[in-house]
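Grab a pencil and work through these exercises with the model open. Each one sets a task and then walks through a solution.

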Amino acid sequence: MSMKVTLFGMAALAFAGAAQAQTEVKIGYALPENSHYGAGALTWAEVTEAETDGAFSFVHYGSSGLGGEREVLEGLQLGTVEATIVSSGTLSNFVPEAGVFDIPFLFRDFDHARATLDGPIGQEMLAKFEDQGMVALAWGEQGFRHITNNRNPVAEAGDLAGLKLRTMENPVHIEAFKTLGAAPTPMAWPEVVSALQQGTIDGQENPLSVIVSAKLNEVQKYLTLSGHVYAPNVLMVSKIFWDGLSEDEQEAFRKGAVEGGLAMRAFVDEAEASGAQAMADGGMEVNELDLDQKAALQEALAPAYEDYARMFGAELIEEIGKVE
Ligand code: PAF
């Protein structure tokens, strides 16, 4: 278990002495502190601790130190965990509408995704989490997801036939890979690397930020830059915790979360620029899908797109398409 009190928190504790009691904020996330999650969580902590003069001290549980993402979200609902940064893996199990952002090839590029999430559509989605006992403060990011596996390079849907591909426990992703002919195997992240090592799954899909941070080149041979779906994150706190904060404190947490989300995006920009080369240097065989190959995948996904339109509403999907 990785646990770390941020430096500011420790310094504030030392100087404040008995004069000020610090409230501990347990924050859980899936990857280590040197990942985009750590970049987001450490920034969130620093800003919030500074804005509240050290009244709060974040204690970091990276690398799934508080369990898988679903468990952490349940902890938020119960009030046993104060804060998290969570992927879209389990979000739609709590707020089904949030699954709209998981539709393959929905977003044209990073600018389109970020503008949508920062605009009214994304902000209204965040507000829906409150009914589930969570206060979603800001969008963070992982990047566009790509496929890694040990069987063969992927250039078209046929290359995915029967591939045991670990997906998140995300119904939209599962349907997409089934439609493409793969054998999607939903699994919580903490089990993935050992399942790849043992060969119980052939591959997985994640953005370069994750592929690099988790050193997947050590357990996977092929990397296909498919960019098949954008992967957002949400920075959120427990509603039970939130309701106990003053307005100023809430503002400090919100400001910290927004800054944390921006820190994640900066980390992802860097991973996008250097990650594929780093993985090739680390021994992976890398191929990148061109526009025609991506269009062919979208064509193969046609039956799934019909379902998505039924699930989320064709109007909303069109509205997202129009965001500049
Ligand atoms: O694939 C996943 O489960 C997620 O992308 C991960 C690795 C937990 C990061 O959020």
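A pocket here is an open set of points on a 1 Å grid over the protein atoms alone, with protein on both sides within 12 Å along at least five of seven lines; a cavity is a set of points where a 1.4 Å probe fits but cannot get out, and lining residues have an atom within 4 Å of a point. Before you start: this is a predicted model, where local features need pLDDT of at least 70, side-chain atom pairs count only at pLDDT 80 or more, and totals for chains, interfaces and linings use all residues. Numbering runs from 1 along each chain as its sequence is written, and side-chain values use heavy atoms, with hydrogens and water left out.

**Exercise 1. Describe the second largest pocket: its volume, its central residues and its lining.**

Step 1: start with size. The second largest pocket holds about 250 Å³ of space, a volume being the space filled by probe spheres set on the points, which are joined across faces, edges and corners.

Step 2: find the middle. Out of 22 lining residues, E69, S87, R166, A188 and W189 sit nearest the centre.

Step 3: trace the elements (helices, H or I, of at least four residues and strands, E, of at least two, are DSSP runs numbered from the N terminus). Both α3 (69-78) and β5 supply at least two lining residues, and α3 has the largest share with three.

Step 4: sort by class. The lining has nine nonpolar, seven polar and six charged residues. Here Ala, Val, Leu, Ile, Met, Phe, Trp, Tyr, Cys and Pro are nonpolar, Asp, Glu, Lys and Arg are charged, and the others, Gly among them, are polar.

**Exercise 2. Do the same for the largest pocket.**

Step 1: its volume is about 320 Å³. Of its 17 lining residues, R108, F144, S226, G227 and K294 come closest to the centre.

Step 2: two or more residues each come from β5 (134-149), β9 (222-238) and α12 (291-300). The top contributor is α12, with four.

Step 3: the class split is eight nonpolar, four polar and five charged.

**Exercise 3. Which residues line the two largest cavities?**

Step 1: count first. The whole structure has three cavities of 30 Å³ or more.

Step 2: take the largest cavity, with about 80 Å³ of space. Its lining is D102, P104, I147, H173, A176, F177, L180, E205, H228, V229, L297 and L301. Three of those residues come from α7, the largest share; α7 (171-179) and β9 each give at least two. By class, that's eight nonpolar, two polar and two charged.

Step 3: move to the second largest cavity, at about 50 Å³. Around it you'll find S88, L91, S92, A98, G99, F101, D102, W139 and P232. They divide into five nonpolar, three polar and one charged.

**Exercise 4. Zoom out: how compact is the protein chain?**

Step 1: tally 14 helices and ten strands. The radius of gyration is 20 Å, close to the 20 Å that the globule rule gives for 324 residues, so the chain is as compact as a globular protein of that length. That radius is taken over C-alpha atoms, and the rule is 2.2 Å times the number of residues to the power 0.38.

Step 2: box it. Along the principal axes, the C-alpha atoms fill roughly 65 × 45 × 30 Å.

Step 3: check burial. Of the 324 residues, 56% are buried (under 20% relative accessible area, 1.4 Å probe, protein chains only).

Technical notes. Buried < 20%, exposed > 50% of the residue type's maximum accessible area, 1.4 Å probe, protein only.
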